[in-house]
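Here's a quick briefing to read alongside the model. Have a look at the fold first, then work through the notes below.

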Amino acid sequence: AKSKFCETSEIKSMFIEQGIVAGSKFWKYLVGFLLIGLASFFGQMPLLIGLLYETMVTGKAYPTDNDAIMRFFEPNLMLFLILISFVFTLFGVYFVIRYLHNQSMLSLTTSRAKIDWNRIFFSFSIWAVFTVASTVAFYLSSPNDFVINFKPIPFAILVLIGTLLIPIQTSAEEYVFRGYLMQGFATLVKNKWFPLVMTSVIFGLMHLSNPEVSKMGNIIFVYYIGTGLFLGIITLMDEGMELALGFHAANNLVSALLVTTDWTAFQTHSILKDISEPSAGVDVVAPVFIVYPILLFIFSKKYNWTNWKEKLTGKIVVPASTNNFNSI
């Protein structure tokens, strides 16, 4: 018999089916989601303890809203305290998938025999280049909307924290939404369109407490839900999360290094600071309706995607025999 610690040597099924192939039931996903949420809550303890300690020592008023919390600590320290919770979240995902579902992290990541790092790096690179180019374009077209925010030592610390922890944060979100919930909903409904739509909507609503919502209005959810839909599409079409992992890491990391504002979820010692009045303009809808379709075209040509309707909306046929993915 093959050891549970061996890697799979071949593709066993389509990506979204792998929870079904492993014999998982939907109730397990409900329990697992609660356990992952509990792990995330424990990950927020350093921040909560830090807030309580600081208020007791300095006499500062305890922050009562998200904006006050974001301004309470020095930006690098606050970023570290926020991101550290995702280490706990990712560990929670691993614990749940390994011990509740008897699956491997590989089966939650891809249908390939091993993780394709070239796909991750390609997706990261293409979105990093676009983010840098678009930021430079915005700066050159409206220089009065920005001030130079660069400070060498705080920026170097930001690079260290961001490089180590932001990919963990984005990976944790991808494993929850494009991995765990995608496969979980598939076990419930046995089709592909419902997991795609539901994970996209839930991903968008997860950003409900972000300060961008109060500043720009509900139109920002076009971007959040549209981004979730784009990440879900490339995951289903590519039979794995590699492209989504690379894109999401580039989006958050490069943005954190390049531009900050006083009203976004992440406030950092970035190179530039946007001082313009926040408004929902073309930069909110352009990615969803222009940029993402272009990226889909590029990915589809590079990776030879076909049979779009079946992969995105088709029914899931449960295999006659199932195999447990017991590798790590």
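A residue counts as buried at under 20% relative accessible area, as exposed at over 50%, and as partly exposed in between, using a 1.4 Å probe and protein chains only. By that cut-off Thr260, at 4% relative accessibility, is buried. Keep in mind that this is a predicted model, so local features need pLDDT of at least 70, side-chain atom pairs count only at pLDDT 80 or more, and totals for chains, interfaces and linings use all residues. Residues are numbered from 1 along each chain as its sequence is written, and side-chain values use heavy atoms, with hydrogens and water left out.

**Overall build**

- The protein has 14 helices and three strands; these are DSSP runs numbered from the N terminus, with helices being H or I of at least four residues and strands E of at least two.
- With a radius of gyration of 21 Å, close to the 20 Å that the globule rule gives for 328 residues, the protein is as compact as a globular protein of that length. That radius is taken over C-alpha atoms, and the rule is 2.2 Å times the number of residues to the power 0.38.
- Along its principal axes, the C-alpha trace spans about 60 × 45 × 35 Å.
- Of the 328 residues, 51% count as buried.
- Among contacts (heavy atoms within 4.5 Å) with a separation of 6 or more, 79% come from residues 24 or more positions apart.

**Surface and charge**

- About 15700 Å² of the protein is exposed, and carbon and sulfur atoms supply 68% of that. Accessible areas come from the Shrake-Rupley method with a 1.4 Å probe, and for residues only the protein chains shown count as cover.
- The protein carries 22 positive and 20 negative charges, and their mean positions sit 12 Å apart. Lys and Arg are the positives, Asp and Glu the negatives, while His and the chain ends are not counted. Each charge is placed at NZ of Lys, CZ of Arg, CG of Asp or CD of Glu.

**Around Thr260**

- Thr260 belongs to strand 2, which covers residues 259-260.
- Setting aside residues up to four places away in sequence, Thr260 touches Asn149, Phe266, Gln267, Thr268, Ser270, Leu272, Lys273 and Asp274.
- One of those partners, Asp274, is 14 residues along the chain from Thr260, with 6.1 Å between the two C-alpha atoms.
- The Thr260 side chain also reaches the backbone nitrogen of Thr268 at 3.0 Å. That's a polar contact: a pair of N or O atoms within 3.5 Å where, within protein, one must be able to donate a hydrogen and the other to accept it, and residues adjacent in sequence count only if both atoms are side-chain atoms.

**Arg112, a buried charge in a loop**

- Look for Arg112 in the loop between helix 6 (105-109) and helix 7 (117-141).
- Arg112 is buried because its relative accessible area is 17%.
- A polar atom of the Arg112 side chain lies 3.0 Å from the backbone oxygen of Asp238.
- Phe15 is 97 residues from Arg112 in sequence, yet their C-alpha atoms are 8.5 Å apart in space.

**Buried spots in helices**

- Leu165 sits in helix 8 (residues 152-189) and counts as buried at 9% relative accessibility.
- Outside its neighbours within four places in sequence, Leu165 is in contact with Phe80, Leu83 and Val87.
- The C-alpha atoms of Leu165 and Phe86 are separated by 8.2 Å, with their positions 79 residues apart along the chain.
- Ser300 is in helix 13 and is buried too, at 11% relative accessibility.
- Not counting residues up to four places away in sequence, Ser300 touches Trp305 and Trp308.

**Positive phi without a glycine**

- Asn102 isn't a glycine, but its phi is positive at about 55°. You'll find Asn102 in the loop between helix 5 (75-100) and helix 6, partly exposed with a relative accessible area of 37%.
- Asn307 isn't a glycine either, and its phi is positive, near 60°. Asn307 lies in the loop between helix 13 (282-303) and helix 14 (308-313), and a relative accessible area of 48% makes Asn307 partly exposed.
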